[in-house]
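Trainee: I should be grateful for guidance in reading this model step by step. May I put my questions in order?

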Amino acid sequence: RLDGVAAIERQTLPIPYGHHVYVVSDLSLSPTTSVASRPVRDLIQLLDDVDDPATVVVAGNLFHPDATADLGKFVDATLDGLGELRDAMARFARRPGHRLIVLAGRDDHELAVHERRHLDAVVPQPVDVAVDLGAGRIVITPPDGLLD
């Protein structure tokens with residue numbers, strides 16, 4: 001505890017040596033996002049083209065819900081409208097040696113505490129993604145438990 005605030009233990013998700021790691025962020029998806037938009041097309045292509053063992057990390061703000069939106073309904077509507085992306089995410093995650101990790105950001109911070117039946121890749125905050133480099137490691141760490 002620090003100054004009356006309970007300390008939250010960070011979870012570390014290890015990435016084995018030799019695995020590729022791709023980090024994207026701030027896609028800010030909504031039900032009005034077009035599947036033809038460049039960020040969506042690029043992410044679909046990445047997810048479909050990676051053959052080697054790999055982890056794709058969405059480092060915050062995958063979604064951009066309205067302040068009054070029901071997050072579960074918003075995520076469902078967004079993924080229904082972006083079926084090609086939803087399917088690419090599912091295909092990627094099913095392949096051996098592949099892992100998709102979605103971290104909550106400032107815009108979609110409720111993902112950290114919301115029921116995650118809507119998107120299996122969401123991991124609870126706070127989390128560090130530790131990439132083993134053999135002689136060291138890189139850690140993707142969200143500041144203050146949320147990514148900007």
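The following exchange goes from the overall layout to single residues.

Trainee: What is the average pLDDT of the chain, given that this is a predicted model?

Mentor: The model is predicted, and confidence differs along the chain. Of its elements, strand β6 (residues 137–140) has the lowest mean pLDDT, 67, and α1 has the highest, 96. A score of at least 70 is reached by 76% of the residues. The chain average is a pLDDT of 80.

Trainee: Over which residues does pLDDT stay under 50?

Mentor: Where pLDDT is low, the predicted coordinates should not be read in detail. The stretch in question has three contacts beyond four places in sequence in the model. It consists of residues 1–8.

Trainee: In what order do the elements of the chain run?

Mentor: The secondary structure comprises three helices and six strands. Read from the N terminus on, the order is β-β-α-β-α-α-β-β-β.

Trainee: Which strands are at the edges of the open sheet?

Mentor: Three strands form this sheet in the order β2-β3-β4, with parallel pairing. Five bridges join β2 to β3, and six bridges join β3 to β4. An edge strand pairs on one side only, and this holds for β2 (20–24) and β4.

Trainee: Which residue of β3 is the bridge partner of Val23?

Mentor: The strands β2 and β3 run parallel and are joined by bridges. Bridge partners can likewise be named between β3 and β4: Ala54 has His98 as its partner in β4, and Thr55 has Arg99. For Val23, the partner in β3 is Val57.

Trainee: How many of the six residues of β3 are buried?

Mentor: In a regular strand the side chains alternate between the two faces of the sheet. In β3, Ala54, Val56 and Val58 lie on one side, Thr55, Val57 and Ala59 lie on the other, and all are buried. For β4, the number buried is five of six residues. For β3, it is six of six.

Trainee: What angle does the direction of α3 make with that of β4?

Mentor: The helix α3 packs on the sheet and touches β3 and β4. Its buried residues are Gly83, Leu85, Ala88, Met89 and Phe92, and these pack against α1, β3, α2 and β4. The angle between the directions of α3 and β4 is about 130 degrees.

Trainee: How far apart are the end C-alpha atoms of α3?

Mentor: The helix has 12 residues, so at 1.5 Å a residue it should span 16 Å. The model agrees with this expectation, as the end C-alpha atoms are 16 Å apart.

Trainee: Which element gives the most residues to the largest nonpolar core?

Mentor: This core has 30 residues, and those with the most contacts inside it are Leu62, Phe63 and Leu85. At least two residues each come from α1 (38–49), β3 (54–59), α2 (71–81), α3 (83–94) and β4 (98–103). The element that gives the most, with five residues, is α1.

Trainee: How many residues belong to the second, separate core?

Mentor: Among the members of this second core are Leu13, Ile15, Ala59 and Leu103. The second core contains nine residues.

Trainee: What share of the contacts with a separation of 6 or more is between residues 24 or more positions apart?

Mentor: Phe63 shows how contacts may be listed once neighbours within four places in sequence are left aside. Its partners then include Ser28, Leu29, Phe74, Asp107 and Leu119. For the chain, the share asked for is 73%.

Trainee: Is Asp26 or Asn61 the buried residue with a positive phi?

Mentor: Most residues other than glycine have a negative phi. Asp26, in the loop between β2 and α1, has a phi near 55 degrees, while Asn61, in the loop between β3 and α2, has a phi of about 60 degrees. Asp26 has a relative accessible area of 41% and is therefore partly exposed. A residue counts as buried under 20%, and with a relative accessible area of 3% the buried one is Asn61.

Trainee: What percentage of the chain do buried residues make up?

Mentor: The chain has 148 residues. Of these, the buried residues make up 41%.

Methods: Residues numbered from 1 in each chain as written. Heavy atoms only, no water. Core = buried A, V, L, I, M, F, W, Y, C linked by side-chain atoms within 4.5 Å. Buried < 20%, exposed > 50% of the residue type's maximum accessible area, 1.4 Å probe, protein only. Helix = DSSP H or I, 4+ residues; strand = E, 2+ residues; numbered from the N terminus. Contact = heavy atoms within 4.5 Å. Expected span 1.5 Å × (residues − 1). Pairing = 2+ DSSP bridges. pLDDT = per-residue confidence, 0-100. Axes fitted to C-alpha atoms, helices over the stretch in contact; angles between N-to-C directions.
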